[in-house]
Amino acid sequence: MSEIITPSQTVGPFFAYGLAPNSRCHWDPNGNYSWKETIGANLVTPDATGTKIRIDGRITDGDGAPINDAMIEIWQADSQGRYAHARGETPRPNAKFTGFGRSATDKNGEFSFDTIKPGMVPGPGGKPQAPHIVVCIFSRGMLRQVYTRLYFSDEAANQADPILALVPAERRGTLIAHKQAGGGAPVYRFDIRVQGENETVFFDI
Amino acid sequence: MSLVYPKESLSVYPKHLSPEYRSTVKRSPSKPLIIVPHTLSELTGPVYGHDAIQVGDNDLTKQHKGEPLGERIIVHGHVYDEDKRPVPETLVEIWQANACGRYVHNVDQHPAPLDPNFTGAGRTVTDKNGYYKFITVKPGAYPWGNHPNAWRPNHIHFSVFGHSFLSRLVTQMYFPGDYLFPFDPIFNSVTDEKARMRMISSFDLENTIPDWALCFRFDIVLRGREATPQDTDKH
């Protein structure tokens, strides 16, 4: 007999000082408070191999208004498609790369991450999955988190990705982060529309 | 140990759209969620161990020059999976209002005083038995704009990780016997009574420290149970 799980409740509007104190959210009312950040929006570690990238995005509600009190969390493999998960694994060259990041949105609903482009990872039935990042969203007005995925616009492997294949073709575009023109480290734009026109695909997992 | 995460367990969760809580109306997906299998990307998750925290991060009464005002309390408990096995070495983060019901956040405009000796944030990592403990002050109730004369019951926000990204949980811990329960749409967004009880801590007389602090116990059950042979056959 399984135990009843503890139900989810909203993260509310005031989480930033506890969960993302150094984020884009300016929470400190008078400069007298601080809290050390454990999980931030920069995932790049000195030992991480692969392509450094930036992800920029904006999250909006059913009216198209920015959600200025959301928390976006990302979980991804390293550049060689390995998750920093199992304990006691063989040490890896990029062992400090956790693959996990957190960004609170600013007043314009914008979030951003500096990270490494993930590699392909194994999928169902041994089929490889295209490089992707799992995205988990929390905010005031969300009683439970929603999950989506970020894929990259410049990956031919998207065509054969077993998860993208389960998404109606006309909605797949909402999961694609678009590479922006310009020099320097590649920047990918990933906007999230929680509800309404061109609503982002969320997964029942 | 191979864990599975049956979706049926999520049936006790609030609905995304729970109109009594007004902010859900424009912030809930309107299209059906897409059903996909759990892949390595979902079945793994961030691992934050003891190196993620510092000694004293779990004592919210010792972060400033003086002690905060309010009722000093101990909040402790175990983190379990659905088989009631302990979840060891997992990060537990909390944040809360001060004893007057005011959060240290620009956006909180409740006309109650900030406490210069209280930030209201803490973190710890469960031990090998899944046990955690915080020392804090009891948060006050506070008004909010959801409906006329709306007040939130006293609560502490919890964020917990568990064995995978699927066991990730953000919830709120309530206090036993709160008179505001019947009027709170966030608490009541969980419609199953037994599941609502999961969110209410119990008064723990045995672990109260005489002449110092009252104690509340809050056990947390995360998604995840051991795969049965039947589950294994599916893969």
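Me: Where does Glu89(B) lie in chain B?

Reply: Glu89(B) sits in the loop that runs between strand E3 (72–80) and strand E4 (91–95) of chain B. Bear in mind throughout that this is a predicted model.

Me: How do I read the backbone there, and what is the phi of Glu89(B)?

Reply: Start with the general idea. Most residues other than glycine have a negative phi. Here, Glu89(B) has a phi near 50°, a positive value in a residue other than glycine.

Me: Is Glu89(B) buried or exposed, or something in between?

Reply: Burial is read from a count of C-beta neighbours: 20 or more within 10 Å is buried, 12 or fewer is exposed, and the range in between is partly exposed. Glu89(B) has 18 C-beta neighbours inside 10 Å, so Glu89(B) counts as partly exposed.

Me: Which loop holds Asp211(B), and what is its phi?

Reply: Asp211(B) is in the loop between strand E11 (202–203) and strand E12 (214–217) of chain B. Its phi is near 65°, again a positive value in a residue other than glycine.

Me: Why is Asp211(B) classed as exposed?

Reply: The same count applies, with 12 or fewer as the limit for exposed. Asp211(B) is exposed because 5 other C-beta atoms lie within 10 Å.

Me: Moving to the whole of chain B, what does its secondary structure come to?

Reply: Chain B has 3 helices and 14 strands. Of its 235 residues, 44% count as buried.

Me: How do I judge the overall form of chain B, and what is its radius of gyration?

Reply: Set the radius of gyration against the value for a compact globule with that number of residues. For 235 residues that value is near 18 Å; chain B has 19 Å, which agrees. Along the principal axes, the C-alpha atoms of chain B fill a box of roughly 60 × 40 × 30 Å.

Me: What share of the contacts in chain B with a separation of 6 or more joins residues 24 or more positions apart?

Reply: Such pairs make up 72% of those contacts.

Me: How many residues of chain A are in contact with chain B?

Reply: On the chain A side there are 65 residues, in contact with 71 residues of chain B. The largest share of the chain A side, 5 residues, comes from E7(A). By class, that side has 36 nonpolar, 21 polar and 8 charged residues.

Me: In what sense do E12(A) and strand E2 of chain B pair?

Reply: E12(A) pairs with strand E2 (residues 34–35) of chain B in the parallel sense, over 2 bridges. Within E2(B), Ile35(B) is the bridge partner of Asp204(A).

Definitions and conventions:
Residues are numbered from 1 along each chain as its sequence is written. Chains are lettered from A and ligands numbered from 1 in the order in which they are written. This is a predicted model: local features need pLDDT of at least 70, side-chain atom pairs count only at pLDDT 80 or more; totals for chains, interfaces and linings use all residues. Two residues are in contact if their C-beta atoms, placed from the backbone, lie within 7 Å. Helices (H or I, at least four residues) and strands (E, at least two) are DSSP runs, numbered from the N terminus. Ala, Val, Leu, Ile, Met, Phe, Trp, Tyr, Cys and Pro count as nonpolar, Asp, Glu, Lys and Arg as charged, and the others, Gly among them, as polar. Two strands pair if DSSP finds at least two bridges between them. The radius of gyration is taken over C-alpha atoms; the globule rule is 2.2 Å times the number of residues to the power 0.38.
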